[in-house]
2 protein chains.
Amino acid sequence: MYQSENLTDWVLLGEFNPQVQDFGFMWECPDFFELDGSPCFLFSPQGIEPTGDFYQNIYQTGYFLGTKFNYETLRLEHNGFHELDLGFDFYAAQTTIAPDGRRILIAWMGLPEIKYPSDQDGWAHCLTIPRELSVLEGQLIQRPITELTALRGAHVKHQDSQYGRVHLGNLLGTSYEVKIKLRVEEKTKFGLCLFEDPITNKGLYLEVDLNKGKFKVERKDCGIPFATEYGTSRQMKYNKKEISLYIFVDTTSAEIFVNDGLAVFTTRVFPEKQQSGIGLFVEKGLMEYELEGWKLNKMDIKSTEK
Amino acid sequence: MYQSENLTDWVLLGEFNPQVQDFGFMWECPDFFELDGSPCFLFSPQGIEPTGDFYQNIYQTGYFLGTKFNYETLRLEHNGFHELDLGFDFYAAQTTIAPDGRRILIAWMGLPEIKYPSDQDGWAHCLTIPRELSVLEGQLIQRPITELTALRGAHVKHQDSQYGRVHLGNLLGTSYEVKIKLRVEEKTKFGLCLFEDPITNKGLYLEVDLNKGKFKVERKDCGIPFATEYGTSRQMKYNKKEISLYIFVDTTSAEIFVNDGLAVFTTRVFPEKQQSGIGLFVEKGLMEYELEGWKLNKMDIKSTEK
């Protein structure tokens, strides 16, 4: 660790000691900050093996959230490594501080060494939306920054209940944010299909299976396949009969915030043209739903240079 | 006119004199009341010839809104006959007074001597929703009574702008209320298609044509034709670049309140099964729209008998 008071002259303090061994062969993009009183070390380790539902991507991004950091010994007491995002395409996250003190994170919505379908068009990857970080029960919580509401255009709101499947159609175009709450009565399978083809029902599935106790994002039937050697689904433990999803979609991306930022699944997809709808489904019993969404206007980029 | 203080003993006062001659061969369903200080005589005359956009149905229902009624001479000063509803299926309206003093109207949503497609199933006709009456600039205004909000179920809200045509799909099922505001920039044709088949674009058209200066309800392409000898469209003068429509749909009926009850078009339709959507269209330029709707729950009918 180095220290500087003017960002020009640096003093070596010693080696940072988060007390872990054999945790990958390289750590990229370190970022160290204090948040809500907790020291936090954010980094992107390479060489971590898949374990249960975790570490499924080629490389990971996550953090040690410390209970104490000793600036003399550079030793960090913490509760272990947490993956920051459970989706397919998330790496090299970095944070900055807004003038009002918020800690804001932006990550690379992609991974090194993965071939993306857009490569043939001469481009790959993009960045996530800016996310505000906070600490809740020993975990980093990510939420879209409120400034994004400035992009809101056309507005849609639905509240209903259903059995089976409902095709809501192309409600919001290809760039939108949508908040969805689902609630079921039975111990069943239920969820949402983004980029839905209403004829074949193919799309990006966000599905709770209460019999398996999982929430899963499945992209195997959503357009052009890629990175399939790392699997086509990402999942986590989930046992509730209700779920709240806050999703930003932008043509080939979906950033899925589950239960107010408790988990995030960031995912690229390259859907077919007819995959433009939103569908809701429940296998057994009634599902109540609330949906509110906005089309996203283009961002107005102003140069401050003269 | 007769007078009674106990509804058993009646005194003949003489002949009501609204000062009109040769106005049909029979007047049915007379109703005489005061509203907002104006005497109003509501009745259903038979034998009125079609005139311009008016009196297109086999028989009419309308009113004389009086400036003065002389209870001695029974003479009513008024500003002429006004048709109460400009739709295809409206007759024999009658009013009652609610405990809080509101004057509430219910009409027969049908006409004598017309064959309805449901006749073969052993039934015809139904009643309109209850409508509260008020007086505005020498005219009776009809608005759905607020008690109807108790039937509201699933909720939908859309706000967007569009060029051309948009299919909103089967947003609200077959029994619903919907409020729609449309606003265009060009002197063009724009409107709404209820009971829309999204493949053929056939349905019940509510259309403003600013080149013709008309608002028109056209039912020629909406399922089983009937009463076509009385024409397939009803219209009125209209020259504004915006319109507000408040519509109650119940399977085979549409009650269309234009600009907050200034005009109402009450219409039966017998759509095909695939005619279940809502469409919006504009011929030239951009159209902004706001739509808010609710599915209507079934009414809970309770008997007060023991």
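Which residues of chain A does UniProt give the feature "domain: Glycosyl hydrolase family 32 N-terminal"? The UniProt record, an unreviewed entry, places that feature at residues 1-144 of chain A. UniProt positions are given in the numbering used here, feature names are shortened, and annotations may be inferred rather than shown by experiment.

Before we go on, this is a predicted model, where local features need pLDDT of at least 70 and side-chain atom pairs count only at pLDDT 80 or more, while totals for chains, interfaces and linings use all residues. Residues are numbered from 1 along each chain as its sequence is written, chains are lettered from A and ligands numbered from 1 in the order in which they are written, and side-chain values use heavy atoms, leaving out hydrogens and water.

Back to that span: residues 1-144 of chain A are 0% helix and 46% strand, and their end C-alpha atoms lie 31 Å apart. Here helices (H or I, at least four residues) and strands (E, at least two) are DSSP runs, numbered from the N terminus.

Now for a sheet that uses both chains. It's an open sheet of 12 strands with antiparallel pairing, in the order 20(A)-19(A)-18(A)-13(A)-22(A)-11(A)-11(B)-22(B)-13(B)-18(B)-19(B)-20(B). Two strands pair if DSSP finds at least two bridges between them. The edges are strand 20 (263-268) of chain A and strand 20 (263-268) of chain B, each pairing on one side only. From one strand to the next, the twist averages 15°, using axes that are lines fitted to C-alpha atoms (for helices over the stretch in contact) and angles that run from 0 to 180 degrees between N-to-C directions.

Where do the chains join up in strand 11 (residues 152-162)? Five bridges link strand 11 of chain A to strand 11 of chain B, and the two run antiparallel. Within this pairing, His158(A) stands opposite Val156(B).

Let's look at some loop residues. Buried means under 20% relative accessible area, exposed over 50%, and partly exposed in between (1.4 Å probe, protein chains only).

| Residue | Loop between | Relative accessible area |
|---|---|---|
| Leu74(A) | strands 5 (62-70) and 6 (75-83) of chain A | 3%, buried |
| Glu137(B) | strands 9 (131-136) and 10 (139-144) of chain B | 78%, exposed |
| Lys212(A) | strands 15 (204-209) and 16 (214-218) of chain A | 62%, exposed |

Leu74(A) isn't a glycine, yet its phi is positive, near 60°. Glu137(B), also not a glycine, has a positive phi of about 45°. As for Lys212(A), its C-alpha atom is 9.4 Å from that of Thr188(A), 24 residues apart along the chain.
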